[in-house]
Amino acid sequence: MRGATSHISRRASASVALMALLSATVFAGIMVEGANAATPTTINLGTAAAASVLAGAGVTNTGSSILNLDLDTSPTPAITGFPPGQVYGTIHAADAVALQAQSDLTTAYNAAKAAPTTGNVTGVDLSGLTLSQGVYTASSGLSLPGPLALTLNGGPDSVFIFKAGSTLITGSNSSVVLTGGAQACNVFWQVTSSATLGTNTAFVGNILALTSISLNTGATVDGRALARNASVTLQDNVFTNSPCSTGTTPPTSTTTPPTTTTPPTTATPPTTATPPTTSTPPTTSTPPTTTKGPPTTTKAPVGATTVGLTTTTIPTVTTPLPVSSIALGSTITKVPAVITKIPVTITKVPLTKLPFTGMPIRLVLEVAFLTILAGMLLLLINYRYRRLPRT
């Protein structure tokens, strides 16, 4: 029994050793092939190096993305999401600058694709690997699922070129790390179709994609996202550009991040935009408005006599000022009320009969006149009668 157990243990140990040897052989093949090959030549981006983002079919941003360099798109000029996104360079939407940048990107893309392969990484998980300078080719897609970092180790002049036969996809919280003095300006990712960076990916290098590039929320890039034919989609992303030392690297490949507080540009090409400012408009006090209403006519009867009284009423309507519209320190002027005299028209009504008697007025007047006349005659007769001598 002890011999059988020992035999099984020896077989298991041999299997583990064989698997370790195969893994080491694959990894060593990548490293040795890259180490023995000639030093790859850096890719000259030309005028495309002045852009953090370059698209062929427009750029769409969501959130507060920050671009250290220019934002270019050609031939489609569509740019949305800036602001709130900020561009610390210049926006070029389908102008001559963007057109030339696309032409230079095509040249750089073809140069990267034609670079001689020094390491085959088809089907290899790049997470956790440490690679020296070289040209690493995958016949299908390049995968960096994370969370272990891909480490690129080399000097300031070391060039790293990754060629994807289809896509470039990174997982959430994946990362690329530079050691030994290697520079982001000398790292290139040639993608035959589309590139997608996962949430919170910390990416390094220049992405040269034939179609589109998409960055999920929080992904950062020390380098550039350059798409030839399709769009670039951003979501709260930050593009930086680490300083690139002189030597075999092209002088225009990177720029030092700005130290001034230059405001971001807007999406109107090709001028540099001024960040939107919000100002509180002064509050204007509106004087009260007086509205004259239509006149009202009222007829009032007086006893049995019809007296037409025409009364015109002019109401005064005052609109109060809302409290929210009165600015501090403003002067409110009282508007005097307008008093309109109301004319009263009294119409004389002729009387044909005395009230309460029903007798004609003319007859009454004649009787009164005759009565007065008779009274005066009686007085005169009485006076003269008293003056006659008595016998």
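## Exercises on a predicted, strand-rich model

Helix H3 (residues 361–387) holds 27 residues and spans 39 Å from first to last C-alpha, close to the 39 Å expected at 1.5 Å a residue. The expected span is 1.5 Å times one less than the number of residues. This is a predicted model, in which local features need pLDDT of at least 70, side-chain atom pairs count only at pLDDT 80 or more, and totals for chains, interfaces and linings use all residues. Residues are numbered from 1 along each chain as its sequence is written, and side-chain values use heavy atoms, with hydrogens and water left out.

**Exercise 1. Decide how far H3 is covered, and set it against strand E10.**

Step 1. Fix the terms. Buried means under 20% relative accessible area, exposed over 50%, and partly exposed in between (1.4 Å probe, protein chains only). Helices (H or I, at least four residues) and strands (E, at least two) are DSSP runs, numbered from the N terminus.

Step 2. Count in H3. Of its 27 residues, the number buried is 1, so H3 lies largely in the open.

Step 3. Count in E10 (residues 134–138). Here 5 of 5 residues are buried, and the strand is mostly covered.

Step 4. Split E10 by direction. Gly134, Tyr136 and Ala138 point one way, Val135 and Thr137 the other way, and all are buried. In a regular strand the side chains alternate between the two faces of the sheet.

**Exercise 2. Find the strands that E10 joins, and the sense of each pairing.**

Step 1. Two strands pair if DSSP finds at least two bridges between them.

Step 2. Strand E8 (residues 119–120) runs parallel to E10, with 2 bridges. Glycine 119 has tyrosine 136 of E10 as its bridge partner.

Step 3. Strand E13 (residues 160–164) is also parallel to E10, through 5 bridges. Alanine 138 is matched there with alanine 164 of E13.

**Exercise 3. Order the strands of the open sheet and name its edges.**

Step 1. The sheet has 7 strands in the order E5-E2-E21-E19-E17-E14-E11, with parallel pairing.

Step 2. E5 (79–80) and E11 (142–144) stand at the edges with a single partner strand each, so one side of each lacks a neighbour in the sheet.

Step 3. Check the E5 edge. Strand E2 (residues 59–62) pairs with E5 in the parallel sense over 2 bridges. Valine 59 has isoleucine 79 in E5 as its bridge partner.

**Exercise 4. Locate the cis peptide bonds and the positive phi values.**

Step 1. Most residues other than glycine have a negative phi, and most peptide bonds are trans.

Step 2. Phenylalanine 82 and proline 83 are joined by a cis bond, omega about -5°. Proline 83 lies in the loop between E5 and strand E6 (86–87).

Step 3. Glycine 146 and proline 147 also share a cis bond, omega about -5°. Proline 147 sits in the loop between E11 and strand E12 (150–153).

Step 4. Asparagine 200 has phi near 60°. Its relative accessible area is 43%, partly exposed.

Step 5. Aspartate 236 has phi near 50°. Its relative accessible area is 36%, again partly exposed.

**Exercise 5. Say which stretches call for caution.**

Step 1. pLDDT is the predictor's confidence in each residue, from 0 to 100. The protein averages 76, and 60% of the residues score at least 70.

Step 2. Residues 12–37 stay under 50, as pLDDT goes. Residues 248–312 stay under 50 too.

Step 3. Where pLDDT is low, the predicted coordinates should not be read in detail.

How values were computed: Contact means heavy atoms within 4.5 Å.
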